[in-house]
Structure formats: structure tokens, C-alpha cells
Amino acid sequence: MSDCVFCRIVAGEIPARIILKTDTVLAFHDLNPQAPGHALVIPRRHIATLNDASESDRAILGDLMLAGAEVARILGFAESGYRTVTNCNPDGGQTVYHIHLHVLGGRRLSWPPG
Ligand code: 5GP
Ligand code: ZN
């Protein structure tokens, strides 16, 4: 997916501030952070949205969540707390169509979201 910004980050064609790399996922700082800590965890393999994930993606979806918790530990807010979010399609606020987990922490987050 040469036109996908996150595939281009995986390929090293666009720079990113990497936090974590595994065989299956990559985590990096969001370009436009919405909290003192705001990371994105993405699968190396392109999946556009949560709607496009299928039974064969069960393991990678688990990897995203576990990597999200690891990122929270690395960034130092695992104990104080954080939020993981996956936006899906326009009403969900998705703007990059390569599935990703937001990991937000470092401040008290309000609920419900806007
Ligand atoms: P979405 O709106 O799809 O849930 O989240 C996309 C996120 O990707 C946004 O928070 C946006 O700031 C971030 N983003 C978009 N382009 C880039 C980029 O090139 N590099 C990084 N690090 N983050 C990006
Ligand atoms: Zn992609």
C-alpha cells in the first residue's frame, strides 16, 4: 500500500519517533498529540479498518492491545492510567485507513469522548 502513510512508516519511507518494534507491530508517537503521551500502535501488515479484520487477524488484534500496554509502561503512565482507542470510519473519527490503536495518557481523560 504505497499510498498509505502508515505503510510508508513501516517501510521507513516516512520518519516516525518509534517507541516499540516487534515482528508484527510498530508503535510510535502521534504527530499531533492529544495528551502528554499519545502513541499509535499499528500492525506491520495493512488492514484498513476494524471492519476489515477477520478471524485470521485474531492474533494481530491481540498483539496491538498487548503492545499498547507495553507502550504505556515504556511511557510511564501504565499505573496512573491511560486510554486505548480505535476509531472506525468517518463517524468514529478515523482519518488514516490503516488500523491503529491510540494510546493516550499523562493526564486525566474525560468521558464520554466528544
Ligand atoms: P485516526 O484519526 O485515524 O484515528 O488517527 C490518525 C492519527 O494519525 C492522528 O492522531 C494523526 O495525528 C496521526 N498521524 C497522521 N499522519 C501521521 C504521520 O505521518 N506520522 C505520525 N506520527 N502520526 C500521524
Ligand atoms: Zn497501510
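Four salt bridges are counted in this predicted model. One of them joins the side chains of Glu13 and Arg8, at 3.1 Å from N to O. A zinc ion (ligand 2) is held by Cys4, Cys7, His46 and His98. The largest nonpolar core has 16 residues.

**Salt bridges**

- Arg8, the partner of Glu13, is partly exposed because its relative accessibility is 33%, between the 20% and 50% limits.
- Asp57 and Arg45 pair through their side chains, with N to O at 2.9 Å.
- Both Asp57 and Arg45 sit in the loop between strand 3 and helix 2, so their bridge ties together parts twelve residues apart in sequence.
- The two ends of that bridge differ in burial class: Asp57 is buried, at 4% relative accessible area, whereas Arg45 is partly exposed, at 48%.
- Glu55 bridges to Arg58, with the closest N and O atoms 2.8 Å apart.
- Glu55 has 57% relative accessibility and therefore counts as exposed. Arg58, at 58%, also counts as exposed.

**Zinc site**

- The donor atoms are SG of Cys4, SG of Cys7, ND1 of His46 and ND1 of His98, at 2.1 to 2.3 Å from the zinc ion (ligand 2).
- Angles between the four donor atoms run from 106 to 117 degrees, so the arrangement is tetrahedral.
- For reference, the ideal angle for four tetrahedral donors is 109.5 degrees.
- Along the chain, the donors of the zinc ion (ligand 2) are spaced as C-x2-C-x38-H-x51-H.
- His46 and His98 link distant parts of the chain, 52 residues apart. His46 belongs to the loop between strand 3 and helix 2. His98 belongs to the loop between helix 3 (89-92) and strand 5.
- His46 is partly exposed, at 24% relative accessibility. His98 is buried, with a relative accessible area of 0%.

**Nonpolar cores**

- Within the 16-residue core, the residues with the most contacts are Ile19, Leu20, Val25, Ala27, Val41, Val71 and Val103.
- Two or more residues each come from strand 1 (18-21), strand 2 (25-29), strand 3 (37-43), helix 2 (58-75) and strand 5 (101-105).
- Helix 2 is the biggest contributor to this core, giving five residues.
- Ile19 touches Ala27, Phe28, His29, Ala39, Val71, Ile74 and Leu75, once neighbours within four places in sequence are set aside.
- Another core, of nine residues, lies apart from the 16-residue one; Cys4, Leu26, Phe28 and Ile42 are among its members.
- Cys4 thus appears twice: in the nine-residue core and as a zinc donor through SG.

**His100 and the annotated domain**

- An unreviewed UniProt entry annotates His100 as "active site".
- His100 lies in the loop between helix 3 and strand 5. The zinc donor His98 is in the loop between helix 3 and strand 5.
- His100 counts as buried because its relative accessibility is 6%, under the 20% limit.
- Leaving aside neighbours within four places in sequence, His100 is in contact with Phe6, Leu40, Val41, Ile42, Val85 and Thr86.
- Two of these contacts also appear in the cores: Val41 in the 16-residue one and Ile42 in the nine-residue one.
- The unreviewed UniProt entry also places "domain: HIT" over residues 5-114.
- That span is 25% helix and 23% strand, and its end C-alpha atoms lie 26 Å apart.

Definitions and conventions: Residues numbered from 1 in each chain as written. Chains lettered and ligands numbered in written order. Predicted model: local features only at pLDDT ≥ 70, side-chain atom pairs only at ≥ 80, totals over all residues. Heavy atoms only, no water. UniProt positions renumbered as here; feature names shortened; annotations may be inferred. Helix = DSSP H or I, 4+ residues; strand = E, 2+ residues; numbered from the N terminus. Core = buried A, V, L, I, M, F, W, Y, C linked by side-chain atoms within 4.5 Å. Buried < 20%, exposed > 50% of the residue type's maximum accessible area, 1.4 Å probe, protein only. Contact = heavy atoms within 4.5 Å. Donors = N, O, S within 2.8 Å, 3.2 Å for Na, K, Ca; no water. Tetrahedral: all angles 85-135°; square planar, octahedral: opposite > 155°, others 65-115°.
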